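Below are questions about how terms are applied to a model, each with its reasoning. The structure comes first.

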Amino acid sequence: MTGKALRLGTRRSKLAMAQSGQVADAVSQVTGRPVELVPVTTYGDTSREHLAQIGGTGVFVAALREALVRGEVDFAVHSLKDLPTAPHDELVLAAVPVREDPRDVLIARDALKLTDLPRGARIGTGSARRMAQLNAYAVSQGLDFETVPIRGNVDTRIGYVTSGELDAVVLAAAGLNRVGRSDEVTDFLSVDTVLPAPGQGALAVECSVRDTELIAALAELDDPFTRAAVTAERSLLAALEAGCTAPVGALADLLTDGPIVKEMRLRGVVGTTDGTRLVQLSTTGPVPETHEAAMALGRDLATEMLAQGAAGLMGERAL
């Protein structure tokens, strides 16, 4: 597969450009063709409203998908957690590369950890999911802090701490790793404390369903374990009928015995943003070997969570 440069559609943020650049290098190695980045501005990048107000689902990917459908780019890279769970008729998820660290992290003043924050500390996050779990953790541990809604890129969010406006902010470990700022992390939040967003840390590489040659090439980047995990997580999100800004956390991880992969565990959580009510469940079973099996894993856990009252805790429901 040789010829002219492939056009990779990406958001304009520093993080998006960094992760798209990594994929571009990998695709170039596989195809033998140069890859050029084509920056696209999305509605989520230009709106200053909080994500819950603009109905978060798809706001960071719609413009990229439109560029793909119009043939302005050959493929696109998204943060997988931003991708709507419903399939797109004209596009295919051609690759889900090996996942980065899915955890959330704290960047706090004076190198503080979460449990060291003083009473009344203000923690910034743009995520209802993080708010729900952090506030629930505070209640369970007798901690006293306030979660504050924020927007902005990595620089803006960390700036709230360095300026003294906030005591700490919560960000995704994967994003900080990709832009080379993981040394600023003061605390890695255990997934037992805060479950990440479904698909967090993973990338989605999309292209046209008609470009069979490119689909085959991009498949070289696909990691089957990551794909199975994020498929289960996103199936849970879809079955809850929740958008990507709803307070839903999910993580599928592999249980191993030495080098041997034994089972996959899927954990899910839904909660009110004040942390007073949480529904948190998990299930463990064989590692899904098909798309349908991974979908069923997520669906089944969502059914259990709905039976425990999850629907009433989500606020915003996907339309």
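Q: What makes helix α5 a neighbour of β8, and at what angle does it run?
A: Helix α5 (residues 154-162) lies across β5 and β8 and runs at about 155 degrees to β8. Angles are taken between N-to-C directions, from 0 to 180 degrees, with axes fitted to C-alpha atoms, for helices over the stretch in contact. Helices (H or I, at least four residues) and strands (E, at least two) are DSSP runs numbered from the N terminus. The model is predicted: local features need pLDDT of at least 70 and side-chain atom pairs pLDDT 80 or more, while totals for chains, interfaces and linings use all residues. Residues are numbered from 1 along each chain as its sequence is written, and side-chain values use heavy atoms, without hydrogens and water.

Q: How do you know that β5 and β8 pair?
A: Pairing requires at least two bridges found by DSSP between two strands. Strand β5 (residues 104-108) and strand β8 (residues 168-172) have 5 bridges, in the antiparallel sense, so they meet the definition. Within this pair, Leu106 stands opposite Val170 in β8.

Q: Why are β7 and β9 said to stand at the edges of the sheet?
A: The open sheet is mixed, and its 5 strands follow the order β7-β6-β8-β5-β9. β7 (145-149) and β9 each have a single partner strand, so one side of each lacks a neighbour in the sheet. Helix α4 (residues 128-141) packs on this sheet, touching β5, β6 (121-125), β7 and β8, with its direction at about 175 degrees to that of β7.

Q: Why are α8 and α9 called oblique?
A: The axes of helix α8 (residues 224-239) and helix α9 (residues 291-307) cross at roughly 40 degrees and come within 7 Å. Angles under 35 degrees count as roughly parallel, over 145 as roughly antiparallel, 65 to 115 as roughly perpendicular and the rest as oblique. The pair is therefore oblique.

Q: Which residue classes make up the contact of α8 with α9?
A: The contact has 11 nonpolar, 4 polar and 1 charged residues. Ala, Val, Leu, Ile, Met, Phe, Trp, Tyr, Cys and Pro count as nonpolar, Asp, Glu, Lys and Arg as charged, and the others, Gly among them, as polar.

Q: Why does Thr193 count as buried?
A: Buried means under 20% relative accessible area, exposed over 50%, and partly exposed in between (1.4 Å probe, protein chains only). Thr193 has 17% relative accessibility, so it counts as buried. Thr193 is in the loop between β9 (187-188) and β10 (203-208).

Notes: Contact means heavy atoms within 4.5 Å.
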